[in-house]
Amino acid sequence: MSDSAKRSQAYTAAGVNIEAGNEFVSRIKNMVKSTFTPGVATEIGGFGGLFKPEIAGMEAPMLVAGADGVGTKLKLAFMFDKHDTVGIDLVAMSVNDVLVQGATPLFFLDYFATGKLESGVAEQVVSGVCEGCRQSACALLGGETAEMPGFYPDGEYDLSGFAVGMVDTPKMVTGKDISAGDVLIGLGASGAHSNGWSLIRKILGESGLQQDDTFPGTDETVAEVLIKPTKLYVKPVLELMEAMTIKGMVHVTGGGFYDNIPRVLPDDVKADIQFGSWAMLPIFDWLKTQGKLSWPEMLQIFNCGVGYILIVDGENADKALEMLDAREDVDAYRIGEISKREGTGEQVEITFP
């Protein structure tokens with residue numbers, strides 16, 4: 001037994017394995033380094049991560065920060081014993097949020113907590129975090145792994161994530177200039193992303209479907225469809241921002257269309273959306289039918305196939321769609337227009353065929 005193991009015997013007896021934690025950190029070092037960008041000015045293992053942002057050419061740099069988790073979608077990772085995608089969810093939920101204001105993600109921090117550290121599982125989770133960071137060109141600058149005996153059920157863990165981005169203040173996307181005639185462009189989702197999972201799990205439990213069954217309307221299994229990670233929109237959106245002014249952006253998360261779109265609209269306008277103008281994923285048709293929900297209920301809870309929305313000047317809409325259609329990593333749809341709002345009426349009106 002090493003001297004370190006001898007010194008930590010009492011803590012190990014209480015359920016915290018310090019040596020397992022140290023081994024885990026050692027195992028993930030190379031994958032974490034694979035996310036490092038030129039601004040990283042630190043090595044793994046320090047008390048704080050150092051990052052030196054490039055601000056040359058910026059008039060007034062502004063930091064934008066966001067924090068989020070994966071919610072009860074984690075229950076599916078436990079159920080399916082698949083842990084390499086929830087880390088992508090974790091990154092996407094925060095990074096897509098800071099992107100809404102036009103910020104380029106700089107770095108990400110993660111928090112992983114469990115009752116008993118299982119290095120293999122934790123390594124899979126971090127591999128997903130690293131993949132999410134690579135997809136969004138931001139560095140995994142640091143994090144925390146907490147082993148807390150008796151706090152979590154056996155085999156379960158929780159995740160939190162924190163993203164920091166930066167934008168030049170004059171180029172910040174605020175929504176204040178959105179006006180009648182502007183066009184809403186929806187960017188396709190990969191699935192239900194990381195919202196609404198308490199209801200999805202309830203519907204799944206009542207349906208009798210098993211994880212290896214073929215999911216209705218697809219040639220994939222139930223597990224494959226449900227565990228798909230949240231889509232990252234960083235690269236296509238930042239490229240579009242270089243070509244034109246984006247007046248407003250929406251990350252469609254909890255609250256769906258009805259709660260998220262008004263967050264970026266001035267009080268005197270509303271969004272008129274044409275339902276059916278985008279491709280509906282099989283998971284949403286199934287949720288509506290199996291859960292006996294209406295489409296308005298669905299659009300209050302889920303993204304229903306549109307994970308991110310751009311609001312651009314009507315004159316730029318065709319060019320924006322052309323640029324987005326040329327990419328292989330995103331699907332784009334013209335889903336509606338901005339019009340004048342009368343009085344205190346709804347700020348989101350959806351027309352159904």
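In this predicted model, K73 and D89 are both buried. The two side chains form a salt bridge, with the closest N and O atoms sitting 3.1 Å apart. K73 belongs to the loop between β1 and α4 (74-80), while D89 is part of helix α5, so the contact ties together parts that lie 16 residues apart in sequence.

Helix α5 itself is worth a look. Of its 14 residues, 13 are buried, so the helix is largely enclosed by the rest of the structure. Its geometry checks out too: at 1.5 Å a residue, residues 86-99 should span 20 Å, and the end C-alpha atoms are indeed 20 Å apart.

The K73 and D89 pairing has company, as a search of the whole structure turns up 16 salt bridges. Another one joins E43 to K33, where the closest N and O atoms are 3.6 Å apart. Here E43 comes from the loop between α3 (18-33) and β1 (61-68) and K33 from helix α3, with their positions 10 residues apart in the chain. E43 counts as exposed because its relative accessibility is 54%, above the 50% cut-off. K33, at a relative accessible area of 41%, is partly exposed.

Further along, E239 and R327 meet through their side chains in a salt bridge with an N to O distance of 2.9 Å. This pair links distant parts of the chain, 88 residues apart: E239 is in helix α9 (residues 234-243), and R327 is in the loop between α13 (317-325) and β9 (332-340). E239 is partly exposed, with a relative accessible area of 38%. Finally, salt bridges also link D182, K247 and D313 into a network.

Key:
Residues numbered from 1 in each chain as written. Predicted model: local features only at pLDDT ≥ 70, side-chain atom pairs only at ≥ 80, totals over all residues. Heavy atoms only, no water. Helix = DSSP H or I, 4+ residues; strand = E, 2+ residues; numbered from the N terminus. Expected span 1.5 Å × (residues − 1). Buried < 20%, exposed > 50% of the residue type's maximum accessible area, 1.4 Å probe, protein only. Salt bridge = Lys/Arg side-chain N within 4 Å of Asp/Glu carboxyl O.
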